[in-house]
Amino acid sequence: MAAPATVDEYIAGFSPEVAERLTRVRAEIVDAVTAASGTPPEQKVRYGIAAVMLGGRYALHFAGWKKHIGLYPVPTLPEPLESEIGPYRAEKDSVVFPHSKDVPYELVGRVAREIADERVRQSPNA
């Protein structure tokens, strides 16, 4: 089976339940990046997972796995956002949302917005 060429193909490769979760995570990220940059972001498959771009560079990757959905990379965030995302941290720069629990979509959106806002501050041309 060929690797997915688009984010739509990537998401379509999952069970309907996981695909729905990934679609909602994607929407939160895209909305946040659009709000931060003022334009809809490019989306592509990088390293075999979905990526939402900002200014020609990735803003955030998201991926579906057997037991969870992951976001990468998620740097240390300002408080109180870091404390809210803390229970989902798997590593220093990644967070996971187990399929066995509800995904906190609103929190995903706030995390994505913080990351996108920071990228825009670092690179005014983003």
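Me: In what order do the six strands stand in the open sheet?
Reply: In this predicted model, six strands come together as an open sheet, and their pairing is antiparallel. Strands of a sheet pair through backbone hydrogen bonds, which can link them in either a parallel or an antiparallel way. Read across the sheet, the order is β1-β2-β3-β4-β6-β5.

Me: Which strands stand at the edges of this sheet?
Reply: A strand at the edge has a single partner strand, so one side of it is left without a neighbour in the sheet. Neighbouring strands are turned against each other by 30° on average, with direction ignored. The two strands at the edges are β1 (43–46) and β5 (89–91).

Me: Which residue of β6 does His68 stand opposite?
Reply: The strands β4 and β6 run antiparallel and are joined by four bridges. Across from His68, the residue in β6 is Pro98.

Me: At about what angle to β3 does α2 run?
Reply: Two helices can be followed against the sheet, and α4 packs on it by touching β2, β3, β4 and β6, with a direction that makes about 155° with that of β3. The helix α2 lies across β1, β2, β3, β4 and β6. Its angle to β3 is about 165°.

Me: Which element gives the most residues to the largest nonpolar core?
Reply: The largest nonpolar core has 36 residues, and Val25, Ile29 and Phe62 are among those with the most contacts inside it. Several elements each supply at least two residues of this core, including α1 (7–12), β3 (57–64) and α4 (105–122). With nine residues, the element that gives the most is α2.

Me: With which residues is Ile29 in contact, leaving aside its neighbours within four places in sequence?
Reply: Ile29 is one of the residues with the most contacts inside the largest nonpolar core. Once the neighbours within four places in sequence are left aside, its contacts are Val52, Leu60, Phe62, Leu71, Val108 and Ala112.

Me: Why is the pair of Tyr10 and Phe14 edge-to-face?
Reply: The ring centres of Tyr10 and Phe14 are 5.2 Å apart, and the planes of these rings meet at 70°. Because planes over 60 degrees apart count as edge-to-face, the angle that settles the matter is 70°.

Me: Is Phe97 buried or exposed?
Reply: The rings of Tyr88 and Phe97 have centres 4.9 Å apart and planes at 50°, so this pair is tilted. Tyr88 is partly exposed, at 22% relative accessibility. For Phe97 the relative accessibility is 1%, and since buried means under 20%, Phe97 counts as buried.

Terms used. Residues numbered from 1 in each chain as written. Predicted model: local features only at pLDDT ≥ 70, side-chain atom pairs only at ≥ 80, totals over all residues. Heavy atoms only, no water. Phe/Tyr/Trp six-rings, centres within 6.5 Å; stacked < 30°, edge-to-face > 60°. Buried < 20%, exposed > 50% of the residue type's maximum accessible area, 1.4 Å probe, protein only. Core = buried A, V, L, I, M, F, W, Y, C linked by side-chain atoms within 4.5 Å. Contact = heavy atoms within 4.5 Å. Pairing = 2+ DSSP bridges. Axes fitted to C-alpha atoms, helices over the stretch in contact; angles between N-to-C directions.
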